[in-house]
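Me: I have a model open and would like to talk it through with you, one question at a time. Could you take a look?

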Amino acid sequence: MVLAAVAGCGIPCQGFAMQQLSADRPLVTAVATVMATGSVVMLPTALGSWTDAFDSVESTSTVLYLGLVTITLAHSLWGAGLKRLSLSVAVVVGMLEPAVASTLAMTVLSEPATLALFVGILLVIAGVAVTSLSKTAARRV
């Protein structure tokens with residue numbers, strides 16, 4: 001749970017860095033800089049599972065696809081959104097990603113619908129709602 005909390009705190013930091021870097025350089029450069037920095041931080045963990053990730057052609061192609069296509073595309077789109085939205089709005093919308101991913105896993109991939117999964121989805125939605133409502137209430141004052 002501690003690592004999940006640390007990762008959650010890293011999302012706004014990543015968004016802030018991307019937003020600042022993209023102010024005076026191309027978006028791809030800003031995203032690549034932030035992602036490369038994150039890769040260096042994660043290097044000790046990656047080295048521990050290096051052999052498992054590249055032990056077959058299938059797993060190697062999956063790792064390359066996930067890294068080069070899905071993560072690159074997702075972060076580039078998020079970076080483009082950061083150029084048009086405030087950091088707080090982009091982070092709040094980004095926090096919905098686990099709930100969306102879990103819902104898709106249940107509906108598209110036939111993952112089992114457990115009580116823990118539903119509680120997690122409801123907690124994410126509640127957190128986003130509280131964050132959104134507190135910003136709306138602060139603006140009215």
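Me: Is Ser-110 buried or exposed?
Reply: Happy to help, and do keep in mind that this is a predicted model. Ser-110 is found in the loop between α6 and α7. The cut-off for exposed is over 50% relative accessible area. Ser-110 has 62% relative accessibility, so it counts as exposed.

Me: What is the phi of Ser-110, which is not a glycine?
Reply: Most residues other than glycine have a negative phi. Ser-110 is not a glycine, yet its phi is positive, at about 60 degrees.

Me: Let's step back to the whole chain. How many helices and strands does the chain have?
Reply: Read along the sequence, the pattern is α-α-α-α-α-α-α. The C-alpha atoms fill a box of roughly 60 × 45 × 30 Å along the principal axes. The secondary structure comes to 7 helices and 0 strands.

Me: What percentage of the 141 residues of the chain count as buried?
Reply: To count as buried, a residue needs a relative accessible area under 20%. Of the 141 residues of the chain, the share that counts as buried is 16%.

Me: Among contacts between residues at least 6 apart in sequence, what percentage join residues at least 24 apart?
Reply: Contact here means heavy atoms within 4.5 Å. Among contacts in the chain between residues at least 6 apart in sequence, the share that joins residues at least 24 apart is 56%.

Me: Now helix α1. How far apart are the end C-alpha atoms of α1?
Reply: Helix α1 runs over residues 2-21, which is 20 residues. At 1.5 Å a residue, α1 should span 28 Å. The model agrees with that expectation, because the end C-alpha atoms of α1 are apart by 29 Å.

Me: Which helices do the buried residues of α1 pack against?
Reply: In α1, the buried residues are Gln-14, Gly-15 and Met-18. By contrast, Leu-3 lies in α1 and counts as exposed, at 72% relative accessibility. The buried residues of α1 pack against α2, α4 and α5.

Me: Which residues make up the largest nonpolar core?
Reply: This core has 7 residues in all. Helices α2 (27-48), α4 (57-84) and α5 (87-94) each supply at least two of them. The members are Met-18, Val-31, Val-34, Trp-78, Leu-82, Ala-90 and Val-91.

Me: Which residues does Leu-82 touch, not counting residues up to four places away in sequence?
Reply: Leu-82 is a member of the largest nonpolar core, as are Met-18 and Ala-90. With residues up to four places away left out, Leu-82 touches Gly-15, Met-18, Gln-19, Leu-87 and Ala-90.

Me: Which side chain does His-75 join in a polar contact of 3.0 Å?
Reply: His-75 sits in helix α4 and counts as buried, at 19% relative accessibility. Not counting residues up to four places away, His-75 touches Gln-14, Met-18, Val-31 and Met-35. The polar contact of 3.0 Å joins the side chain of His-75 to that of Gln-14.

Me: Which residues does Ser-59 touch, beyond residues up to four places away in sequence?
Reply: The place of Ser-59 is in helix α4. At 17% relative accessibility, Ser-59 counts as buried. Setting aside residues up to four places away, Ser-59 touches Asp-52, Ala-53 and Phe-54.

Me: And which residues is Thr-60 in contact with, leaving aside neighbours within four places?
Reply: Thr-60 also lies in helix α4. Its relative accessible area of 22% makes Thr-60 partly exposed. Neighbours within four places aside, Thr-60 is in contact with Ala-53 and Phe-54.

Me: What arc do the buried residues of α6 cover around the axis?
Reply: In helix α6 (residues 97-107), Ala-99, Ser-102, Ala-105 and Met-106 are buried. In an α-helix, residues three or four places apart point the same way, because there are 3.6 residues a turn. The buried residues of α6 are on the same side of the helix, since they cover an arc of only 125 degrees.

Me: One last thing: which residue forms a salt bridge with Asp-24?
Reply: A search of the whole structure finds 1 salt bridge. Asp-24 counts as exposed at 58% relative accessibility, and its partner is partly exposed at 32%. With the closest N and O atoms 3.5 Å apart, the partner of Asp-24 is Arg-25.

Conventions
Residues numbered from 1 in each chain as written. Predicted model: local features only at pLDDT ≥ 70, side-chain atom pairs only at ≥ 80, totals over all residues. Heavy atoms only, no water. Buried < 20%, exposed > 50% of the residue type's maximum accessible area, 1.4 Å probe, protein only. Helix = DSSP H or I, 4+ residues; strand = E, 2+ residues; numbered from the N terminus. Arc of directions from axis to C-beta. Core = buried A, V, L, I, M, F, W, Y, C linked by side-chain atoms within 4.5 Å. Polar contact = N/O pair within 3.5 Å; in protein donor to acceptor, adjacent residues only side chain to side chain. Salt bridge = Lys/Arg side-chain N within 4 Å of Asp/Glu carboxyl O. Expected span 1.5 Å × (residues − 1).
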